[in-house]
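Good morning, everyone, and thank you for making the time. I would like to walk through one model with you, so please bring the sequence and the structure up before I begin.

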Amino acid sequence: MTDRAVHAYFTKMRWGDSGKQTCPECGTIDKHYWIASRKQWRCRSVGCARMFSVTSGTVFSDHKLPLKKILKAMVIFINHVKGISALALTRELGVAYQTAFVLLHKLREALSRKLDRSPLAGLIHMDGAHVSGKMRKPRVKLPTTKMQARDRLPPDAFPRHPNRRIVMVLRDVYPEPGHGARRSIVYIAMSEDQRTIMSLAQKYIAPGAEVMTDELGGYTKLSKLFRHRTVNHSNEFSTDEGVSNNQAESFFARVRRFIIGQVHRVTPHYMFDYMNEMAWREDTRRDRPTEKLDWLVKTTFGDWSHKWRYYWLGKQRPVKVKPDGDLMNAQELLMTPAEIKKLMESLRKPPGTATGADAPSNAG
Ligand SMILES: [Zn+2]
């Protein structure tokens, strides 16, 4: 592909076939003056005269990379089914590590802008996995008996790693077996407890859904809200009636491979971006690569980067990204114990007087 063809492709994805562009400054849609030597347009609107390029006002504004390399990076990003590390991209593109790192994160940011967080309906598989903040193994192994004694103690007996996070996933599964999952929602939680689970269920599962989980205690109250079925993983992966949460497990299997095989380590700071990327890969696994590329280009060209612009000049994201992709405080989306209690009480009322309406909205 020539440079000109890449430019034409980006232009088409951003503004369509009309040959007209939208000025990022004043919004005028027109055939603006094309200045070939600068590969820029000058706005035709009186009093604006802003110069802009195909990447102005997108996540790639102020880019120094040739457009061809940006396109190549996107193709690589799409084609690697288990993700790619910044170091690997550095070598593939022949750019600095910093460039590759920010480029990948800008793509991830674009993915998180297009999140579909509407409640899942139908058959849902839900599970959590411990992804970050595992304690290092001691340098010297403790004698077996002591290790066993340690295992018998409650988890609170040992300090938790400050980076400890649980990735929760909810997946809408095709009713016909063998088709996998349709849409996934990920959430970064502090623990897989009842409070987290009930908050997520309220927010992301539509009434009338059927939810399948493992037998962890935190899930038991789901039966008050939904048709809830469990599988006991110490006995089986799927019951005789076909109850399993295998689609959630399969998501985590890929997440593990992504972490072990590509990025090696995920800290809470960017965990949502990585997990959402994996969810996107799963959900779009059957789309044609060209469709995905068009979609990714349109998405990245839809808005500029709020989190990664000037990153290496010191403008680094100060707070953790929250499950919705927003910058928020980690516990905000969770219900308080009082709210959970209120919810449970409302569910105990006989049908007819029941509510849903006075359930806490727990919106962020
Ligand atoms: Zn203008």
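Let me start at a single contact between two strands, where leucine 123 has glutamate 210, in β9, as its bridge partner. Please keep in mind throughout that this is a predicted model. The pair I just named belongs to strand β6, which covers residues 123–132, and strand β9, which covers residues 210–214, and these two run in the parallel sense with three bridges between them.

If we now stay with β9, which strand pairs with β9 over five bridges? That is strand β10, residues 227–231, and the sense of this pairing is again parallel. Within it, valine 211 is bridged to histidine 228 of β10. As a general reminder for anyone tracing side chains here, in a regular strand they alternate between the two faces of the sheet.

Next, I would like to turn to another set of strands. Here three strands make an open sheet, in the order β3-β4-β5, and their pairing is antiparallel. Because β3, residues 33–35, and β5, residues 51–52, stand at the edges with a single partner strand each, one side of each of them is left without a neighbour in the sheet. Looking more carefully at β3 and strand β4, residues 40–42, we find that they pair over three bridges in the antiparallel sense, and that tryptophan 34 has tryptophan 41, in β4, as its bridge partner.

From the strands I move to a helix, namely α6, which spans residues 194–204. Helix α6 is mostly covered, since eight of its 11 residues are buried. Among the buried ones are Ile197, Met198 and Leu200, and I would also point you to Lys203 and Tyr204, which are buried as well.

Finally, there are two loop residues whose backbone deserves a look. Aspartate 62 is not a glycine, and yet its phi is positive, at about 60 degrees; this residue is placed in the loop between β5 and α2, the latter being residues 67–79. Is aspartate 62 buried or exposed? It counts as exposed, because it has 11 C-beta neighbours inside 10 Å, and the cut-off for exposed is 12 or fewer.

The other residue is histidine 264, which likewise is not a glycine and has a positive phi, of about 70 degrees. Histidine 264 lies in the loop between α8, residues 246–263, and α9, residues 268–283. With 10 other C-beta atoms within 10 Å, histidine 264 is exposed.

Definitions and conventions:
Residues numbered from 1 in each chain as written. Predicted model: local features only at pLDDT ≥ 70, side-chain atom pairs only at ≥ 80, totals over all residues. Pairing = 2+ DSSP bridges. Helix = DSSP H or I, 4+ residues; strand = E, 2+ residues; numbered from the N terminus. Buried ≥ 20, exposed ≤ 12 C-beta atoms within 10 Å, placed from the backbone.
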